[in-house]
Each structure stands twice: as C-alpha cells, then as structure tokens.
Amino acid sequence: MSVRSSQRRERGSAAAPWLARIAVLSAFVFTVWMFGPRALEVLAARVDRASEQSTPVELDRVGFVTAPDWMDRGLLLAVSAALQPYLDATVPILDDAAQRVLRQSLLGVPWVRDVSIQRAYPDRLRLQLDLRRPLLAVRDAAGQGLCLVDGEAMQLPWVETSLPVLFLHREGGAGTMAVRPGERCAEPRVLAGIGIAREWREQFAPLVKDCPALLEIDATNLGERWLRGPAYPEVRVKLARADGAGVVFAYDRPVDSPLPRVPVATKANVLSQVLAQHPGLAGLVAGDLRLSRRWADYLQPRAAGVRDPNEPWTTLSTPR
C-alpha cells in the first residue's frame with residue numbers, strides 16, 4: 001500500500017531541492033573555513049536545527065494512493081483505523097530522527113510487515129507499506145470472531161471478511177486459544193488451516209473452472225485425535241453451493257504431514273468431475289475429493305441404487 005502526506009499550503013517551486021542543496025554546500029564550505037577542526041561538530045548541530053525547522057509535513061492529511069487488490073472495503077477501513085493514531089502529527093521533511101520514530105511506530109501495527117519512507121519535495125512524504133495479507137478467519141466454537149491470520153501465522157485484528165473460516169472447538173472444556181494481535185499463532189489446528197487455505201488459493205482453485213468458494217476449513221480431527229481410519233480425514237473443507245448452502249468434502253492431511261498426501265491435481269480433477277455432474281454442486285451435501293475413481297459413490301445424497309460404501313460415515317456436517 002502506498003500513502004502520501006502533504007501540507008495545506010501551496011506547493012513550493014520545483015527548484016526547491018536544488019536551492020536547498022546549494023545552500024547546504026555553501027554552508028558547509030563557510031563552516032569549514034570558519035571553524036576548522038570543529039567544523040563537523042558545528043555543521044552537525046546546524047543540520048539538526050535546519051532539519052527540525054524544515055518544511056513541515058502534516059500527517060493528518062494522509063491519502064491512500066494505491067491499495068492491494070485483495071483488500072476489500074472492510075479490511076481497508078480496519079487498516080486505516082489502525083494507522084490513524086500514528087498519522088496525527090507534523091514531521092519536518094528533513095528530520096530523519098522524526099521519520100525513524102514514525103517508521104518504528106508504524107511497524108508496531110500488526111497489519112504492517114515493513115515500511116519505507118521517501119521524501120517528495122517540496123512538502124510531501126511517500127510511505128510504502130508492506131501489509132500482511134490475511135488467509136484465514138478464526139472463530140471460537142460459538143462462532144465469535146477471534147482473529148485473522150496471515151501466511152506466517154501472524155495474528156491480525158478481527159474483521160468481518162469473506163475469508164475461509166476455521167472454528168476452534170473446545171476440547172475437554174478448555175478454552176480455544178489466547179488472541180494476541182501482532183504475535184504468531186502456535187495453535188496446530190490454525191497452522192494446518194493456514195497451509196490448506198494457501199494451497200487452495202495458490203494451487204487448487206486455479207485448476208478448477210468456476211471453482212466454488214472455500215467457506216470453511218475443518219481441522220478438528222487433526223492428528224486423528226477423534227476418529228481414526230481412511231474414512232475420517234484430518235482436514236475437511238466446506239465449499240459454497242450455488243444456492244448459498246455449504247457442501248462438506250473430505251480433503252486430505254495437512255500440507256506439512258509426514259504421511260502421504262493425495263496430489264492437488266487429483267483432488268482438483270475430482271471436484272471438476274463433480275461439478276460436471278452437479279453444476280454448482282446442486283443438491284449435494286457431502287463428498288470426498290481424495291478418491292480419483294470412486295468419488296461418485298461417496299457423494300451425498302447418493303444417486304438412486306448406489307449403496308453406501310462406508311456406512312459409519314453418513315453424517316458430514318461440520319461439528320460445532
């Protein structure tokens with residue numbers, strides 16, 4: 001994201017930077033001639049004073065020049081609100097110390113990965129912000145929003161978005177996880193969800209024509225902690241049906257699993273075949289993307305005359 005700050009008075013002449021350089025050079029020559037060995041010390045003091053008295057840039061007049069294409073209105077408003085407390089001051093355009101303080105302050109905002117500040121004479125500063133892109137929205141068992149997380153598992157403040165959701169179900173009566181925006185998340189289920197969300201966006205969805213939106217990632221059975229066996233995957237996904245309902249599919253193991261995984265291309269091909277048979281996933285409630293040959297047997301509801309290939313696995317609604 002690029003932002004630009006300016007002051008209210010009219011722009012100075014385009015020649016202002018050159019005039020400033022000539023003045024500085026003249027001052028340097030004069031100072032060396034007058035003060036000899038103490039010239040650098042005197043000159044440094046004068047530069048500091050000149051910097052503090054240079055053209056002020058009013059940060060409260062910040063304006064967004066460009067924004068990432070993934071940033072929707074809700075995220076734009078959230079990022080703007082987070083940055084605003086640090087853009088409510090005046091910074092002299094030549095004051096390096098003040099600009100370093102501004103940069104460090106902005107780096108403390110969870111949304112910001114990196115900041116660069118450039119002078120645009122005579123009276124502007126250009127801030128280039130490298131923002132963290134959220135991949136996953138984390139909710140508790142009751143559906144309350146906890147945080148967003150990016151590809152590096154950095155926790156970001158909660159914002160209502162269309163990102164895929166991961167629900168953290170309570171285990172043994174214990175709470176879900178501590179939310180600390182600006183810190184990395186260590187919850188294994190969230191880390192698994194981040195990997196699946198990235199794989200889906202970067203590898204899976206591009207292979208499927210009119211790929212349904214990824215609504216939810218279910219990592220409740222991570223490590224087969226609840227159910228063990230080929231019929232119960234560690235990760236399931238819920239995809240958007242054309243009518244707005246969700247369809248739950250068995251997906252795979254986590255992307256960093258030491259155990260074998262089904263190739264992404266195979267799962268994408270299965271979904272493409274499902275969509276060819278059921279456009280928009282019409283009428284479906286569940287299926288299995290891991291089965292390159294018998295995928296049709298595992299669609300729910302099954303077609304007339306198709307026997308249940310796995311009787312215990314009859315309910316695929318996401319647990320709450």
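Biologist: Let's start with Arg113: is this residue buried, partly exposed or exposed?

Modeller: You read that from relative accessibility, and buried would need a value under 20%. Arg113 has 31% relative accessibility, so Arg113 counts as partly exposed. Please keep in mind as we go that this is a predicted model.

Biologist: With which residue does Arg113 form a salt bridge, and how far apart are the closest N and O atoms?

Modeller: For a salt bridge, you look for a side-chain nitrogen of Lys or Arg within 4 Å of a carboxyl oxygen of Asp or Glu. Here the partner is Asp130, and the closest N and O atoms are 3.5 Å apart. Arg113 sits in strand E5 and Asp130 in strand E6 (residues 124-131), so this bridge ties together parts that are 17 residues apart in sequence. Asp130 is partly exposed, with a relative accessible area of 35%.

Biologist: Where does Glu152 come in, since its side chain also meets that of Arg113 in a salt bridge?

Modeller: That N to O distance is 3.8 Å. Glu152 lies in the loop between E8 and strand E9 (155-156), while Arg113 is in strand E5, so the two tie together parts 39 residues apart in sequence. Glu152 is partly exposed, having a relative accessible area of 35%.

Biologist: Which residues are joined into one network by salt bridges that share partners?

Modeller: You follow the shared partners from one bridge to the next. Doing that here joins Arg113, Asp130, Arg132, Asp150, Glu152 and Arg184.

Biologist: And how many salt bridges does the structure hold?

Modeller: There are 22. Another one to look at pairs the side chains of Arg119 and Asp96, at 2.1 Å from N to O. This pair links distant parts of the chain, with Arg119 in strand E5 (residues 112-120) and Asp96 in helix H4 (residues 96-107), 23 residues apart. Arg119 counts as partly exposed at 32% relative accessibility, and Asp96 does too at 40%.

Biologist: Now for the inside. Which residues touch the most other members of the largest nonpolar core?

Modeller: Look for buried nonpolar side chains that touch one another. The largest core has 38 residues, and those touching the most other members are Val190, Phe204, Val237, Phe249, Leu271 and Leu281. Several elements each supply at least two residues of this core, among them helix H5 (188-204), strand E7 (134-140), strand E12 (235-240) and helix H6 (264-277). A second, separate core has 25 residues, including Val109, Val115, Leu125 and Leu148.

Biologist: Taking Val190 as an example, where is this residue found?

Modeller: Val190 is in helix H5. At 0% relative accessibility, Val190 counts as buried. To see the packing, skip residues up to four places away in sequence: Val190 then touches Leu136, Val138, Val149, Leu166, Leu168, Met177 and Cys185. You can also check the backbone, where the C-alpha atoms of Val190 and Phe167 are separated by 8.9 Å, with the two residues 23 apart along the chain.

Biologist: Cys185 caught my eye. How many disulfides does a search of the whole structure find?

Modeller: It finds 0. A disulfide needs two cysteine sulfur atoms within 2.5 Å. The sulfur of Cys147 has its closest cysteine sulfur in Cys185, 6.2 Å away, which is too far for a bond. Cys147 is buried, at 0% relative accessibility, whereas Cys211 is partly exposed at 22%.

Biologist: What about loops? Is Asn221 buried or exposed?

Modeller: A loop residue is read in the same steps. Asn221 lies in the loop between E11 and E12. Asn221 is buried, its relative accessible area being 9%. Beyond four places in sequence, Asn221 is in contact with Trp226, Leu227, Tyr232, Pro233 and Glu234.

Biologist: Finally, what is the mean pLDDT of the protein chain?

Modeller: The mean is 80, and 72% of the residues reach 70 or more. Over residues 6-14 the pLDDT is below 50, and this stretch has 20 contacts in the model beyond near neighbours in sequence. Residues 313-320 also stay under 50, with 29 contacts beyond four places in sequence. Where pLDDT is low, the predicted coordinates should not be read in detail.

Note on methods
Residues are numbered from 1 along each chain as its sequence is written. Side-chain values use heavy atoms; hydrogens and water are left out. A nonpolar core is a set of buried Ala, Val, Leu, Ile, Met, Phe, Trp, Tyr and Cys residues joined through side-chain atoms within 4.5 Å. Buried means under 20% relative accessible area, exposed over 50%, partly exposed in between (1.4 Å probe, protein chains only). Helices (H or I, at least four residues) and strands (E, at least two) are DSSP runs, numbered from the N terminus. pLDDT is the predictor's confidence in each residue, from 0 to 100. Contact means heavy atoms within 4.5 Å.
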